[in-house]
Amino acid sequence: MYMEFTHYTSKMRELIILMEIEKNSTITQNSLAKAAELVPSMVNTYIKRFVEEQYMKKSGNNRNTSYFLTQKGFDYKNYLLISYLSETMDNLLNIERYMKELLHNMIDLDNKKIILYGAGK
């Protein structure tokens, strides 16, 4: 199963950029790049495509640019967000099923103690 949103895929980056612009219409491309873990030139590529696809409009000059999501942009952002949430729920349900199966197998093997250890963030 291919996951669109687990890592920083193009879909995830699109969602991040659109959500950041929705929160702050005067956000800089540098700030968008940090949020989406991209270089600013790639953010510019996304923005150009969003404007071409009529997901957003931009106004101003290079130093004072504002971005505005169109209705089509809001709809696309919401589609991405729903897809992200759906994928996240599917992942959580798969983890739950896996853990239940694992724990039932351990009980069947008469394991009396289980230690859960987590590493990472």
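Contact means heavy atoms within 4.5 Å. The model is predicted: local features need pLDDT of at least 70, side-chain atom pairs count only at pLDDT 80 or more, and totals for chains, interfaces and linings use all residues. Residues are numbered from 1 along each chain as its sequence is written, and side-chain values use heavy atoms, with hydrogens and water left out.

**Exercise 1.** State which pattern the protein chain follows along the sequence.

Solution. Helices (H or I, at least four residues) and strands (E, at least two) are DSSP runs, numbered from the N terminus. The protein chain has four helices and two strands. In sequence order they give α-α-α-β-β-α.

**Exercise 2.** Set the radius of gyration of the protein chain against that of a compact globule of 121 residues.

Solution. The radius is taken over C-alpha atoms, and the globule rule is 2.2 Å times the number of residues to the power 0.38. For 121 residues, a compact globule would come near 14 Å, whereas the protein chain has 20 Å. Next, take the box along the principal axes: the C-alpha atoms fill roughly 70 × 25 × 20 Å. Finally, turn to contacts with a separation of 6 or more: 47% of them in the protein chain join residues 24 or more positions apart.

**Exercise 3.** Find which residues touch the most other members of the largest nonpolar core, and which element gives the most to this core.

Solution. Buried means under 20% relative accessible area, exposed over 50%, partly exposed in between (1.4 Å probe, protein chains only). By this cut-off, 26% of the 121 residues are buried. A nonpolar core is a set of buried Ala, Val, Leu, Ile, Met, Phe, Trp, Tyr and Cys residues joined through side-chain atoms within 4.5 Å. The largest core holds 21 residues, and Ile17, Leu18, Ile21, Leu32, Phe50 and Met56 touch the most other members. Two or more residues come from each of α1 (10-23), α2 (29-36), α3 (40-52), β2 (66-69) and α4 (71-108). The most come from α1, with six residues. Leaving out residues up to four places away in sequence, Leu18 touches Phe50, Met56, Leu69, Gly73, Tyr76, Lys77 and Leu80.

**Exercise 4.** Locate Glu37 and Gln54, and give the phi of Glu37 and of Gln54.

Solution. Most residues other than glycine have a negative phi. Glu37, in the loop between α2 and α3, has a positive phi near 55°. Gln54, in the loop between α3 and β1 (56-59), has a positive phi near 60°. Gln54 counts as exposed because its relative accessibility is 54%.
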